[in-house]
Amino acid sequence: MTPCSRPRLAARRVLPLLAGAAALFAADAASAYTVYVSNEKGNSISVIDSATLEVKQTVKVGRRPRGITMSPDGKVVYVCASDDHTVQVIDPASLKILRKLKSGPDPELFALHPTGNPLYIANEDDNQVTVLDVEANKVVAQVPVGTEPEGMAVSPDGGTLIATSETTNMAHFIDTKTNKIVGNVLVDARPRFAEFSADGKHLWVSAEVGGTVAVIDPQTRQIIRKISFKIPGVSKEAIQPVGIRITRDGKKAFVALGPANRVAVVNTETFEVEKYLLVGQRVWQLALTPDEKLLFTTNGNSNDVSVIDVPELKVVKSIKVGGAPWGVVVSPQ
């Protein structure tokens, strides 16, 4: 081989690698999402790029923002400004507040109907759920529930609303057509969050003080399994389940364990904990990217967001955000 042919051979070997790297970069760019984090004590929202895993912008919002969600079409972001007694509507393009909605007093968490309207809002101080037409900004109904409601979820078919009351220790089943309670399930102490599986066959409810997650059959309204958690070196009192996310295929559930600073990975077929992932301090809520490659956790005491590689079940980064991050949502595209 002549000396001049060696560079040409090397170039032929390198070019396919460069092309492959370029294709991989293009694929990553195509699947980039925007992550919105509500900072409860910072009175702000941190906006994160899921491709670079960096904060792009921080936006001031109302006082004590907690619950945060997005319309199914990705055109607006909703955030509970709890101490301002309103839900703010934010334009994700300009990150400006478009308007304020009639939320009822002290909105904590909410759930959006699968169609994008109405919005169901937990009013902790008044022990009720406000049903709000977001287009007309009109209160459709106010549903009395147990003491200190917080967790909210709507079934995939849109027919059933769940509200969990922290002091009454119940998951209330509400018919979305009549806005009436049709059943109650007693769970362990201080239920904070509710999540339906994608097929609607299971409802998961976390009990923060009880330290458990109840898996409920929505049809029979019976608890079919109660999941407990044990972490070596961590006291039982520190294990406080809050946020839950379940993969679309229904095979794995992720549970935020509060002051235990862990996310539990649960096999949804056996209901056994497969792994505990160490994240930031006082993990509150969770959000999966639509492709389910990444999971973001809000860590209220360390003022950061942990990023979990879902296929590898490994924490890959910590991102500093505002004061006391609480809620998180990811854009649909």
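Helices (H or I, at least four residues) and strands (E, at least two) are DSSP runs, numbered from the N terminus. Residues are numbered from 1 along each chain as its sequence is written. The model is predicted, so local features need pLDDT of at least 70, side-chain atom pairs count only at pLDDT 80 or more, and totals for chains, interfaces and linings use all residues, while side-chain values use heavy atoms and leave out hydrogens and water.

**Exercise 1. Asn179 and its loop**

Task: State where Asn179 is found, and decide whether Asn179 is buried or exposed.

Solution. Step 1: Asn179 is found in the loop between strand E14 (170-175) and strand E15 (180-186). Step 2: buried means under 20% relative accessible area, exposed over 50%, and partly exposed in between, with a 1.4 Å probe and protein chains only. Step 3: the relative accessibility of Asn179 is 15%, so Asn179 counts as buried. Step 4: the backbone of Asn179 has a positive phi near 55°, in a residue other than glycine. Most residues other than glycine have a negative phi, and most peptide bonds are trans.

**Exercise 2. A cis peptide bond**

Task: Identify which residues the cis peptide bond joins, and locate Pro118.

Solution. Step 1: the cis bond links Asn117 to Pro118, with omega at about 5°. Step 2: Pro118 belongs to the loop between strand E8 (107-112) and strand E9 (119-123).

**Exercise 3. The hairpin of E22 and E23**

Task: Describe how E22 and E23 pair, and characterise Phe271 in the turn.

Solution. Step 1: two strands pair if DSSP finds at least two bridges between them. Step 2: strand E22 (residues 262-267) and strand E23 (residues 272-278) are antiparallel and share six bridges. Step 3: one position in this pairing is Ala264, whose bridge partner in E23 is Tyr276. Step 4: four residues lie between the two strands of the hairpin. Step 5: Phe271, in the loop between E22 and E23, has a positive phi of about 60° although it is not a glycine. Step 6: Phe271 has 12% relative accessibility and therefore counts as buried.

**Exercise 4. The hairpin of E10 and E11**

Task: Determine how many bridges pair E10 with E11, and which residue of the hairpin takes a positive phi.

Solution. Step 1: six bridges pair strand E10 (residues 128-133) with strand E11 (residues 138-144) in the antiparallel sense. Step 2: within the pair, Val131 is opposite Ala141 in E11. Step 3: the hairpin has four residues between its strands, and Asn137 takes a positive phi near 50°.

**Exercise 5. Strand E26 and its two partners**

Task: Trace the pairing of E26 with E25 and with E27.

Solution. Step 1: strand E26 (residues 304-309) is mostly covered, with five of its six residues buried. Step 2: strand E25 (residues 294-299) runs antiparallel to E26 and is joined to it by six bridges; Leu295 stands opposite Ile308 in E26. Step 3: the hairpin of E25 and E26 has four residues between its strands, and Asn303 in the turn has a positive phi of about 55°. Step 4: E26 also pairs with strand E27 (residues 314-320), in the antiparallel sense and over six bridges. Step 5: here Val307 has Lys317 in E27 as its bridge partner. Step 6: four residues lie between E26 and E27 in their hairpin, where Leu313 in the turn has a positive phi of about 50°.

**Exercise 6. The surroundings of Ile97**

Task: Establish which residues Ile97 touches, not counting residues up to four places away in sequence.

Solution. Step 1: Ile97 lies in strand E7 (residues 97-101). Step 2: with contact meaning heavy atoms within 4.5 Å, Ile97 touches Lys60, Val61, Gln88, Val89 and Ile90. Step 3: Gly62 is 35 residues away from Ile97 along the chain, and their C-alpha atoms are separated by 9.8 Å. Step 4: the relative accessibility of Ile97 is 36%, so Ile97 counts as partly exposed.

**Exercise 7. The chain as a whole**

Task: Summarise the secondary structure of the chain and explain why the chain is as compact as a globular protein of that length.

Solution. Step 1: the chain contains one helix and 28 strands. Step 2: the radius of gyration is 21 Å, close to the 20 Å that the globule rule gives for 333 residues, so the chain is as compact as a globular protein of that length. The radius is taken over C-alpha atoms, and the rule is 2.2 Å times the number of residues to the power 0.38. Step 3: of the 333 residues, 54% count as buried.
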